[in-house]
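Please examine the structure below together with its sequence. The paragraphs that follow lead through its disulfides and then its nonpolar cores.

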Amino acid sequence: MALFLCVLFLLLSSASACDRCLHQSKAAYFSKASALSAGACGYGSLALGLSGGHLAAGVSSLYKDGAGCGACFQIRCKNSTLCSSEGTRITLTDLNHNNETDFVLSSRAFMAMANKGMGRDILKLGIVDVEYKRIPCEYKNQNLAVRVEESSQKPNYLAIKLMYQGGQTEVVAMDVAQVGSANWNFISRNHGAVWDTSRVPNGALQFRFVVTSGFDGKWIWAKSVLPAEWKTGVIYDSGVQITDIAKEGCSPCDDSHWR
């Protein structure tokens with residue numbers, strides 16, 4: 001237990017960086033959004049339904065070994081001639097291995113930073129100076145969902161993917177148990193938004209998640225998620241949504257000039 005708490009503290013510490021501060025960097029774009037949907041978070045084609053296809057690959061400090069998957073940001077370019085003051089919302093779906101830019105955006109997201117009618121002009125630049133900040137994800141009338149991955153093999157192996165995570169926080173740990181049981185088994189992050197375990201309880205399954213909340217962790221309990229006869233490739237409603245906003249572990253930042 002002491003080792004688990006130590007590891008959990010490290011996870012929480014790494015997840016509570018200055019996300020809401022306004023950051024200055026550069027952004028490039030992929031010509032095909034499919035490149036981002038096939039990315040390190042493991043969303044596949046489901047990523048294309050996030051933020052209207054406004055997707056992004058983020059550098060390792062934003063990807064956070066997969067904990068940053070699904071995080072939402074507001075981003076705008078700094079070319080006042082071409083770009084709007086509001087910018088656009090994006091969702092992180094991939095890891096950007098190029099440290100020259102904090103983000104590589106889908107072309108749709110890249111064009112959405114431009115003033116009306118100037119989307120093609122901004123594409124011609126290829127790379128632009130940007131500023132961005134972390135914002136809460138909002139999925140109206142949509143709970144946190146669990147997708148059972150095709151690699152799952154009942155009753156010995158279960159792999160799930162978290163979808164539609166709201167709030168402004170990260171899931172840093174997860175447990176699973178049979179509905180009505182207090183015998184919880186730890187689930188490990190396999191990669192990105194995908195978690196797995198070879199200790200699969202029998203029957204219908206409940207989950208509990210540790211999310212970054214405040215300066216500490218918070219348990220979110222989904223009491224009945226997977227039916228006893230769960231099937232691969234199916235997305236199940238968790239019955240809960242995450243609305244927490246993690247506190248900053250740094251000095252307050254001033255983003256008052258963002259309009």
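Are Cys72 and Cys137 buried or exposed? In this predicted model, both Cys72 and Cys137 are buried. These two cysteines form a disulfide in which the sulfur atoms are 2.0 Å apart. The link of Cys72 and Cys137 is right-handed, with 115° about the S-S bond. Cys72 belongs to strand β3, whereas Cys137 lies in the loop between β6 (128-135) and β7 (145-148), so the pair ties together parts that are 65 residues apart in sequence.

A disulfide is a covalent bond between the sulfur atoms of two cysteines. Searching the whole structure gives three disulfides. Another of them joins Cys41 and Cys69, whose sulfur atoms are 2.1 Å apart. The link of Cys41 and Cys69 is left-handed, with -90° about the S-S bond. Cys41 is in the loop between α2 (34-37) and β2 (55-58), and Cys69 is in the loop between α3 (60-63) and β3 (72-77), so this disulfide ties together parts that are 28 residues apart in sequence. Cys41 counts as buried because its relative accessibility is 0%, and Cys69 is buried as well, with a relative accessible area of 8%; the cut-off for buried is under 20%.

Cys77 and Cys83 also form a disulfide, with their sulfur atoms 1.5 Å apart. Its torsion about the S-S bond is about -110°, so the disulfide of Cys77 and Cys83 is left-handed. Cys77 is buried, at a relative accessible area of 5%, and Cys83 counts as buried at 7% relative accessibility. Cys21 likewise counts as buried, at 10% relative accessibility.

The nonpolar interior comes next. In soluble globular proteins, nonpolar side chains tend to be buried together. Here the largest nonpolar core has 38 residues, and Ile75, Phe103, Leu105 and Met113 are those with the most contacts inside it. Two or more residues of this core come from each of β2, α3, β3, β4 (88-95), β5 (103-106), α4 (107-112), α5 (119-125) and β6. Domain 1 (23-134) and domain 2 (144-240) each give at least three residues to this core.

What does Met113 touch, not counting residues up to four places away in sequence? Its contacts include Ile75 and Leu105, both named among the residues with the most contacts inside the core. Met113 also touches Cys77 and Cys83, the two cysteines of one disulfide. Others touched by Met113 are Arg76, Ser84, Gly87, Thr88, Ile122, Val128 and Val130. Apart from the largest core lies another core, of 24 residues, among them Met174, Val176, Val225 and Val240.

Notes. Residues numbered from 1 in each chain as written. Predicted model: local features only at pLDDT ≥ 70, side-chain atom pairs only at ≥ 80, totals over all residues. Heavy atoms only, no water. Disulfide = S-S within 2.5 Å. Helix = DSSP H or I, 4+ residues; strand = E, 2+ residues; numbered from the N terminus. Buried < 20%, exposed > 50% of the residue type's maximum accessible area, 1.4 Å probe, protein only. Core = buried A, V, L, I, M, F, W, Y, C linked by side-chain atoms within 4.5 Å. Domains from an automatic or database assignment. Contact = heavy atoms within 4.5 Å.
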